Amino acid sequence: MKGRPKAELVLSESEREQLQAWSRRRKTAQALALRSRIVLCCASGTSNKVVADTLGVTPQTVTKWRARFLKQRLDGLLDAPRPGAPRTIDDARVDALIAKTLEEQPTKATHWSTRTMARESGLSQTAVSRIWRAFGLQPHRQETFKLSTDPQFVAKTRDIVGLYLDPPTKAMVLCVDEKSQIQALDRTQPILPLAPGIAERRTHDYERHGTTTLFAALDIATGEVIGQLHRRHRGTEFLKFLRTIEANVPPQLDVHLVMDNYGTHKTPTVRAWFARHPRFHIHFTPTSASWLNQVERWFATLTEKQIRRGTHRSTRQLEDAIRHYLDIYNAEPQPFMWTKSANDIMASIERFCLRISNSGH
C-alpha cells in the first residue's frame, strides 16, 4: 500500500444509526449530510481517493472529516459557533422602538418612516428596518374596512355561505352583479413598450371615449360566467340580463341568485318578473358586504388582466375586448373555493370588533 498508514475507523452501532439518519433526512443540512456519507464510506474500508471520487469531493475534504471524526466522533462533524460582533441593541431598546411605532405618531407626519424613527430612537435606519421586518410592522401601509350595519347581517350571511358550502341539488347557484361605468380610456401619446431593463411606460393623462356596464352571473360550481354588456345601467337592462340567464340555465333546474340590494334589482318590473318565474330564488347580501358575492372576485380578475392596462379608442373596442376575455375565460373556467363557514366569519368579525373597540380611537 502507498501513503502513510491510516488509523482504523470503527463505528459503534449508535454512531452508525445517527450518521445514516443525518445522511438520509431531508431536513438535515446538506453539509452535515455530506460529512456523514464521507464517514460511512470510510468506515467500510474504502480508501480516501475512492471515497472522494464516489462523493464528488476532493481527497483533502475526505481526509479532513475522517480526522475530525476520529478525534471528536459525532461532535466533530457539527459546525462550531461562528465568531461575530457582540450584540449592540438590547431587548429594552427593541421593546421601546416597537412601543413607539405602535403607540406614538411623529410630529411632522401621519406615520413613521425608517428615517424619522431612526432619528427619534437613535438607532440606524438599517436597524429600524430590520426590527420592523422581524415583527411584521409596516407603518407605510394602510388598508380600508367597513363593517356592515345590516340588522339581518347574521341571517343573510348564514344563508349565502350555506349556498356556497352546501349548494342545493337540482339547482344552479349564480352570483350576480354589474360592473358599471367601465371607461374606455386611451393614452394621449403612444405607449413605449417593454425593453430589457426598462419597464413599459405610458403617459399619466388619458382621453375618455365613453363607458359601458357589464352584467355578470358566476356559476359557483363550474366558475363559468354569463356576461352581457349594456351602455346604460337601469332596471330595463337588468331585466334583459335576467332573460339571458333564463335562456342559459336548463329548464329543469332551480336558480338561486346571490346579489346585492341595488335599486335596479328591486324595481317593480323586476319584482313582477321574479313573481312570474318561481324557479328563481333571491338571496340578498347584507349591506356593505360585497365580499360575500363571489362575482366581485371575478370582477377584480377582469380588471387586473384586461381593463386596468388596456387602451381603447372607443366604447365598442372596450366591449369587444371584454367579450374576448369572457370567451377565453369560459373555455377553461375555474371556480373559486369558499372555505370559511358562517361561524368562522362571525368569530373573525367578533375579534375585529373587540380589537377596534379597544384601539383608543
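Me: How do you know that the span of α12 agrees with what its 17 residues should give?

Reply: Happy to walk through that one, keeping in mind that this is a predicted model. At 1.5 Å a residue, the 17 residues of α12 should span 24 Å. The end C-alpha atoms of α12 are 25 Å apart, so the two values agree.

Me: Which residues of α12 are buried, and what puts them on the same side of the helix?

Reply: The buried ones are Thr315, Leu318, Glu319, Ala321, Ile322, Tyr325, Leu326 and Tyr329. Around the axis they cover an arc of only 155°, and therefore they sit on the same side of α12. Exposed residues are found on the other side of α12, namely Arg316, Asp327 and Ala331.

Me: What covers the buried residues of α12?

Reply: The cover includes β1 (171-187), β2 (206-219), β3 (225-230) and helix α11.

Me: Let's stay with α11, then. How do α11 and α12 cross, and which hand does the crossing have?

Reply: Two packed helices are described by the angle between their axes and the distance between the axes. For α11 (residues 294-307) and α12 (residues 315-331), the axes come within 11 Å and cross at roughly 115°. The crossing is right-handed. On the α11 side, the contact is made by Trp298, Thr301, Leu302, Lys305 and Gln306. The α12 side contributes Ala321, Tyr325, Leu326 and Tyr329. Divided by kind, the residues of this contact are six nonpolar, two polar and one charged.

Me: Why is Asn293 called buried or exposed?

Reply: Asn293 has a relative accessible area of 4%. Buried means under 20%, so Asn293 counts as buried. Asn293 is placed in the loop between β5 (280-284) and α11. Leaving aside residues up to four places away in sequence, Asn293 touches Tyr164, Cys175, Val176, Asp177, Val258, Met259 and Thr285.

Me: And what makes Asp150 count as buried or exposed?

Reply: The same cut-off of under 20% applies, and Asp150 has 11% relative accessibility, so Asp150 counts as buried. Asp150 is also a loop residue, lying between α7 (125-134) and α8 (153-165). Its contacts, not counting residues up to four places away in sequence, are Lys156, Pro286 and Thr287. The C-alpha atoms of Asp150 and Ser288 are separated by 8.1 Å, although these residues are 138 residues apart along the chain.

Me: Here is another loop residue to try. Why is Ser44 called buried or exposed?

Reply: Exposed means over 50% relative accessible area. With 55% relative accessibility, Ser44 therefore counts as exposed. Ser44 lies in the loop between α2 (30-43) and α3 (48-55). From C-alpha to C-alpha, Ser44 and Leu9 are 8.5 Å apart in space, with their places 35 residues apart in sequence.

Me: How do you know that the length of α4 agrees with its number of residues?

Reply: Helix α4 (residues 59-72) has 14 residues, which at 1.5 Å a residue should span 20 Å. Its end C-alpha atoms are 20 Å apart, so the span agrees.

Me: What makes the buried residues of α4 line one face?

Reply: The buried residues of α4 are Val62, Trp65, Arg66 and Phe69. Seen down the axis of α4, these fall within an arc of 105°, so they line one face of the helix. The face turned away from this buried side carries the exposed residues Gln60 and Lys71.

Me: What follows α4?

Reply: That is Arg73, whose phi is positive, near 60°.

Technical notes. Residues numbered from 1 in each chain as written. Predicted model: local features only at pLDDT ≥ 70, side-chain atom pairs only at ≥ 80, totals over all residues. Heavy atoms only, no water. Helix = DSSP H or I, 4+ residues; strand = E, 2+ residues; numbered from the N terminus. Expected span 1.5 Å × (residues − 1). Buried < 20%, exposed > 50% of the residue type's maximum accessible area, 1.4 Å probe, protein only. Arc of directions from axis to C-beta. Axes fitted to C-alpha atoms, helices over the stretch in contact; angles between N-to-C directions. Left-handed = near helix turned anticlockwise from the far one by under 90°. Contact = heavy atoms within 4.5 Å. Nonpolar A, V, L, I, M, F, W, Y, C, P; charged D, E, K, R; others polar.
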